[in-house]
Amino acid sequence: MDQAVSFDFILRLVRKYWRALTAWTVAGFLVAAVLTFFVITPQYKSSVQILVSRHSENAATQFADQQADVQMITTYKELITNQVILNPARRALKKQSGFTRSLGSLKNEVAVTSTQNSQVFSIDVTDANATQGAEIANQVAKSFKQQVKKIIKVNNVTIVSPATPASAPVSPKKALNLLVGLVVGLLLGFIYASIRILTDRRVHDVDFLTTELGLTNLGQVNHQHHQKHVNQQVAELQSTQKDDESEQSVRRTRRRV
C-alpha cells in the first residue's frame, strides 16, 4: 500500500511539475558542462616503470630473492614519496627547467603503483602540463635510482620504460561529469517539486475532497476566472433586458391603439 501511494505521489508530481523537472535537469547538465569544459583544469598522467631486482647465482635462493624484491616495493613507495628522493629531484628540475614548485606540491603530484607479485612498479605523475609531467616522472625515477643505492645498498635498479607526455587528459572525465550533472539536476528538480506539492494546501479538484478527505459532494459552484467573460455575460443580460423592455413597451402601445 505504501509503495502504491509513493508511486502515485511520484506520478502526480511528474504530471504537475514536469516543466520544472525538465528545467532543473537541463540546468544541472549545463552547469556540469561549463565546469567540465571551461573551469576544471585538465590533468595529464605520465608514468615511468622501474624494476629493482637482485641477481642470484644460486638457484635455490633465486625464488626467495624475487619474493623479497616484491615485498620491498612497499618500502620503495615510501622512499619515492619522501623528501629523501623528492628533494634531489626538485633541485635537478629547478636547474634544468626552472621548476619552482614547493616540495608539498611535488609530493601531491607523485604516486607509486604496482601489480601484485610483480617486481615492476610505476611512478605516476599527474600534472596540468603533459610535457612537464613526463619530465618530473623521469627525474624522480633518476633520483630514486641514485639515492636507493646509498639507503638500501641496492645496485640493480633498471628504468624499464621512461615516461612520455600524455596525449589525452585523465581528468576531468567529461561523460561522467555530464551524467552526474543530469542526475543531480533531476534530483534537485524532484526536491523542488516535492516541496511545492507537500506545502500546497489549496484544493484543486473535487476528487481530493471525496477521495482523500472522505467528504460528500453536495454540489458544485462554477467559478469564472476571466473578468472579460463576466463583463460580456453582464452585457448580454443587460441587452436581453432592454430587448424585453422594448417588446413590452410596443405591446402596451398596441393595446392602447
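**Strands, cores and helices in a predicted model**

User: How many bridges join E2 to E3?
Analyst: Strands E2 and E3 run antiparallel. Helices (H or I, at least four residues) and strands (E, at least two) are DSSP runs, numbered from the N terminus, and two strands pair if DSSP finds at least two bridges between them. The number of bridges joining E2 to E3 is five.

User: What kind of model is this?
Analyst: Residues are numbered from 1 along each chain as its sequence is written, and side-chain values use heavy atoms, with hydrogens and water left out. Local features need pLDDT of at least 70, side-chain atom pairs count only at pLDDT 80 or more, and totals for chains, interfaces and linings use all residues, the model being predicted.

User: Which residue in the hairpin of E2 and E3 takes a positive phi?
Analyst: The hairpin has five residues between the strands. The positive phi there is near 60°, and the residue that takes it is Asn 117.

User: Which residue of E3 is the bridge partner of Ala 111?
Analyst: The partner lies in strand E3 and touches Ala 111 as well as Glu 109, Val 110 and Thr 113, among others. Here contact means heavy atoms within 4.5 Å. The bridge partner of Ala 111 is Asp 124.

User: Is Asp 124 buried or exposed?
Analyst: Buried means under 20% relative accessible area and exposed over 50%, with partly exposed in between (1.4 Å probe, protein chains only). The relative accessible area of Asp 124 is 6%, so this residue counts as buried.

User: Which side chains make polar contacts with the side chain of Asp 124?
Analyst: A polar contact is a pair of N or O atoms within 3.5 Å; within protein, one must be able to donate a hydrogen and the other to accept it, and residues adjacent in sequence count only if both atoms are side-chain atoms. One such contact, at 3.0 Å, leads to Thr 113, and one at 2.5 Å leads to Ser 47. The two side chains are those of Thr 113 and Ser 47.

User: Which element gives the most residues to the largest nonpolar core?
Analyst: A nonpolar core is a set of buried Ala, Val, Leu, Ile, Met, Phe, Trp, Tyr and Cys residues joined through side-chain atoms within 4.5 Å. The largest has 28 residues, and Phe 121, Val 140 and Phe 144 have the most contacts inside it. Two or more residues come from each of E1 (44-52), H2 (59-80), H3 (83-97), E2 (110-114), E3 (120-127) and H5 (130-151). With seven residues, the element that gives the most is H5.

User: How many residues are in the second, separate core?
Analyst: This core includes Leu 13, Ala 20, Leu 21 and Ala 193. Leu 21 is in contact with Leu 13 and Ala 193, among others. The number of residues in the second core is six.

User: How far apart in space are Leu 21 and Leu 187?
Analyst: Leu 21 has its place in helix H1 and is buried at 7% relative accessible area. In sequence, Leu 21 and Leu 187 are 166 residues apart. In space, C-alpha to C-alpha, the separation is 8.6 Å.

User: What arc do the buried residues of H3 cover?
Analyst: The buried residues of H3 are Ile 85, Leu 86, Pro 88, Ala 89, Ala 92 and Leu 93. The arc is that of the directions from the helix axis to the C-beta atoms. These residues lie on the same side of H3 because their arc around the axis is only 165°.

User: Which exposed residues does the opposite face of H3 carry?
Analyst: The face in question is turned away from the buried side of H3. Its exposed residues are Lys 94 and Lys 95.

User: What span is expected for H5?
Analyst: The expected span of a helix is 1.5 Å times one less than its number of residues. H5 has 22 residues and reaches 31 Å from its first C-alpha to its last. That is close to the expected 32 Å.

User: Which backbone oxygen does the side chain of Thr 36 reach?
Analyst: Thr 36 lies in helix H1 (residues 2-39) and counts as buried at 5% relative accessibility. Beyond four places in sequence, Thr 36 is in contact with Pro 172, Lys 174 and Asn 177. At 2.7 Å, its side chain reaches the backbone oxygen of Ala 32.
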